[in-house]
Structures are given as structure tokens and as C-alpha cells.
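Here are my notes for you, as a colleague would jot them down. Have a look at the picture, then work through the points in order.

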Amino acid sequence: MFFVSVLRYALCILVPLSFLLSSYLYLYPVFHLCAFPAPEDPPKSAFLNTLRQHTLFSQNSSKIAPFRLLTLGDPQLEGDSSIPDAEAATFPNFSKFRRDALLLDGTKHNPLQRLRHSLHDLIDFCLDDIPKALEVYRKRLDHIGNDYYLGHIYRTLHWWTDPTHVTVLGDLVGSQWIDDDEFGHRGWRYWNRVFRGGIRVSEEVASQPAEDFQNTIILGDDAEAWKKRIINVAGNHDIGYAGDLSQERMARFTRVFGKANYELRFQLPVNSTPATNTSRKATLEGGDDNEVDGEEEKPVPELRVVVLNDMNLDTPAGSTELQDETYNFLNQIITTSHDVTRPAHFTLLLTHIPMYKKDGICVDGPFFDFFDGEFSNGVKEQNHLSADASKGFLEGIYGMSGDSWAPGHGFGRNGVVLNGHDHEGCDVYHYINQSATPERYWQAAPWAEAESGRYDDEAGVVGLREITVRSMMGDFGGNAGLLSLWFDEETWDWRFEFVNCKLGTQHIWWVVHILDLITFGVGIAYAGFVLAPKRLEKKENGTVHIPKINGNLDAPGAGKKSLRRKNSRAAMIGGSPSPNGSIVSRS
């Protein structure tokens, strides 16, 4: 059969193609050699160690960072508010046709007017409602596919890389202007499609800064729960910029996604034996220590994660109360920080809007826009924080200074800043040269340039790395950041590395699944055409055909009635029937 041959040849092409593309989609971290950076290991070794955890070979636990943060930026879940003419899906012109044709609204028309209005409604239904409704359903299907595309990134990387913690760096939904019902629906999609199985950080875990902080967590404790927790950061599309940020928007964000301002503290238990005199010099240069008979006790390694809402750091603000709350939290973070001279301490700041930098360093340059005549003329849009707000991060949270006479010689605290907002992503080194004259000011350079120029090794140069994670949206390639943080016992300080892992555009997800469906459908059709004739033939072979002989059925018992007649006849004439049915006389 020609059609069966076509299906067979189609399967010969579709099955290998579907297998290869599906393998890439569901194993893309393997194809891209994605893995959390390992302590003191090249990327290839880190990948091989990750590969071992999915095989029968045991992995080297000493080469696994104790803190592995899966970072995702700007998913921006869209909804009906982003669809033009979403009401077209209810077919309003068809409803109007029913009202006009049946006079349901009480309007009285003569038959000619009634016919004219009804025909006009039907034309609008065919030419207006149907095309718009098809576009609405197409967009809704696109939203569903986008949810599962984003969820595929999260689940695949979560399975392959085995992070200890996960964060989403703002813009969880696509607009701050949506109503509460739509916000709740997008929140449901966020937790049940995109991050299915994830949970928000509860209020009991999300702590506020305090001098006698009591909620320090041992890194590695409650590991399974932390793998499920999603550290959500508030973005402008979640709560608005400083101008339109309101109590209502902040309340619904907190209800669905968790607090906007809090901190987490982790301690890492290590074999902290007292240091010898040879390592004492480095510790003394780092700051305070406890000396006991020529030896010192090393401080416990500590990681401080600060989740900060920086949407209303700049002015004017529509709600001064919310701005005061943010600044009070920021001041508490600064005043409760360890001394800048304390070693073995690392501060990880998670926020949304990037710090200030000159135009040309990142894709997004400095930009501010303000409301005119509403929302207290507050901030309407911004690409970066202001230079003053950025300086508050560097000199406040991290304690850095352009003055070499400042505590710790102005080098401040060890750490890194992670944020989103700029969908293209960026990796920047903020620094200040203490020896610059006549004026010292903060500058920024691409991290690749700073690393190759060894800015951080120059005398008198103080700096901090800021990583803007590229968006996980399909239009930007479906990205995710992998941050590894580990403790170096030789230098008695924290070290970190960051890499990016990219899936590709959302069209890859659609093409693979559509191709898989086509392959499945062709396979079912081929199986049906091949098996149906065989079943019919088997049925025909199983039918019992009973031939007829001389008009009688050739079957057991078919001649019994005739034989009985002959026996009775033989008895009457005194003979007996022969074996062939004839009568034999007794004489």
C-alpha cells in the first residue's frame, strides 16, 4: 500500500529527528557542559563531577561547593491584560446578534430594521469576533507554553546541577498595573506551572536584622527544604517603581511571594583548629582575633544573604512610609554587620535594579523618568539606581571606602551583588582608587576587562563585583546563573565563581513538542494501517466453514435423522441396514 509506505518512510525520518531534538531539550545542560563551578577545579572537571552524581560512579565531595545558588532573572509571566481585545473571546457581536434577533433588550424594531441589525451583527461576528478570538486563544496558548518553557528551565537545571538554594531576581509577573484577581492567577501559574514543587520563604525563616541575631542556620541543615524554597526578589513589574509603589501592591506581593526585605545567615562548620604563628600575620591583617598563648582562634565562616527591595531607594517616592521602611531595613543591615576587619565573612546581596554605571558598560545605560502630576511626581521608570544609592551599597552594606585610613584600610567586606532588570545581563566590577588625585570617585568596568587587567590586585584599588543575571525569558535565550560559594581554609576566607547556562529561545521548546506529537500521531496511524489488515485476516482464518455434500451439511450428526428412518424401515421388512445405508435382507 502506497500510504503505508509513505508513513513508514516518514517515521524513518521523524523518529531519529524527534529523539535527537528531545534529547537536546531534556539534557541541554549536558550538551552545554553546565555545572556549578567547583573549588580549585577547571570547568571541565566540575562538569565531570556533576556527571558522576548521575551515574554509578561516586563524586568527589571535596570538589562540591557547599553553597550552590541557582539564579533566575525576570520570568515576567504575562496574562490577559497583555492581550489586546481579550473580551473578543466572549464573541460580543454574536451576543448582540441574539439580542437584536430575539429583541431580548426590549428594543422594538420593524422587521426590516430587525433584519438589517441582525445581518450587521453576523458580519461583525464573522469578520471581527472570530479573528480576534482566534488571536486571543493563540496568545493564551502561548502563555501556557511559556509557563512550561520557563518551568522546563527550572526543573531541568534543578535536577542536573543539584543546587542548594534558588533565587528569582525580580519581575516575577509582567505588570504592576494588573488587578488583584489577575495577580493571584499569575501567582498560581508561578507556583503550579513554572516553579511547581517550590515554596516561598516563610516569615519564620525570613529574619530581620538584629544585634543578637538568633536565627543563624548551619549550612547543609534542612537541605531538602532549602532546595524547594524560592528566594523571591521584588521587581518593578511586581510592586512598581518608587512613584507607583503602594501599600496594596506590597501587601499582595508579600501574600503570594513572600517578604521583600529580610536576611538569612548561614554558618559553615569546618575543622577550625587554632592557627600557627606562620598564618597569624594574615589573620591579624584581616582584623580582630582571639589570641591564646601565641595562637589564635579562627572565626567561624559565615554567609549573610541580604534580600533587599531597592525599588524605592530613589526619590521622589509615592509612599514615603514604604520608603522609610526600606531605609530603616537598610540601616539595620549596616549597623548589625560584623566589623569590616572580620575574616571568614561573605555578604551576598540579592536585589533587582542594578547599581549606577556610565553609559556603554552594559546594554542599559543610566535613565530616569518621573510621573507628571500624579503619584507625587515620583519615579516612573529607571534603568539603574542613582549614583548616591549605589554608593550606599558599596560604602554602607560592604563598608568600602576611598580612604585608606578607614577601618580595614577601606577594603570593606567580601561579597558580591546579584540582580536582574537589565534583560541582556551584565557583569561589572565597581572600584575606587584610593591613590587617585585630586578626587576619588566610584567607577565601573566590565568584569572581563577588570579581570584581565587585574584591577583587584592593584595597590589601593578597592572593588566589588556586581552580576546582572540575563533574563530567563525565551526572547533572551532562556538563561540561568550558577553561583558557587566555598570556603578556602588556607586563606580563611570565602571564594566564589559564577557561570551562565543557556537553553535557547522558546521556539525550541515548541518545535520539539510539536514534532514529538506529529511523530506520535504518524506512529499511531502507521500501526493502525499495519495491524488492521492482520486482525481482519486473523478473524477470517478463525471462521469455521462447513461444506455441503449432496445438499446436506457435512457435519457430525447431519445424517442421523436419515439413518433412523432406514433402521425403522429395515425392522419392518426383517432386514438390517448395511454400513453404507442400504438394506440387507436376512434370508
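1. Start with L27, which has 33% relative accessibility and therefore counts as partly exposed (buried is under 20% relative accessible area, exposed is over 50%, and partly exposed is in between, with a 1.4 Å probe and protein chains only). You'll find L27 in the loop between α1 (2-26) and α2 (28-31). Helices here are DSSP runs of H or I with at least four residues, strands are runs of E with at least two, and both are numbered from the N terminus.

2. Before you go on: this is a predicted model, where local features need pLDDT of at least 70 and side-chain atom pairs count only at pLDDT 80 or more, while totals for chains, interfaces and linings use all residues. Residues are numbered from 1 along each chain as its sequence is written, and side-chain values use heavy atoms, with hydrogens and water left out.

3. L27 has company: together with Y26, F31 and W159 it forms a nonpolar surface patch with about 420 Å² of accessible area. Patch residues have over 30% relative accessible area and no salt bridge; like charges are joined within 9 Å, nonpolar side chains (Val, Leu, Ile, Met, Phe, Trp, Tyr) within 5 Å. A salt bridge is a side-chain nitrogen of Lys or Arg within 4 Å of a carboxyl oxygen of Asp or Glu, and the areas come from the Shrake-Rupley method with a 1.4 Å probe, counting only the protein chains shown as cover for residues.

4. Now the sheet. In which order do the 6 strands of the open sheet come? They go β3-β5-β2-β1-β17-β18, with mixed pairing. β3 (199-200) and β18 stand at the edges with a single partner strand each, so one side of each has no neighbour in the sheet.

5. For a parallel example, take β2 (residues 165-168) and β5 (residues 229-232), joined by 3 bridges. T167 has I231 in β5 as its bridge partner. Strands count as paired if DSSP finds at least two bridges between them.

6. For the antiparallel sense, look at β17 (residues 479-488) and β18, which pair over 10 bridges. Here W486 is matched with R495 in β18. Their hairpin has 4 residues between the strands, and W492 takes a positive phi near 50° there.

7. Stay with β18 (residues 493-502) for E497. At 37% relative accessibility, E497 is partly exposed.
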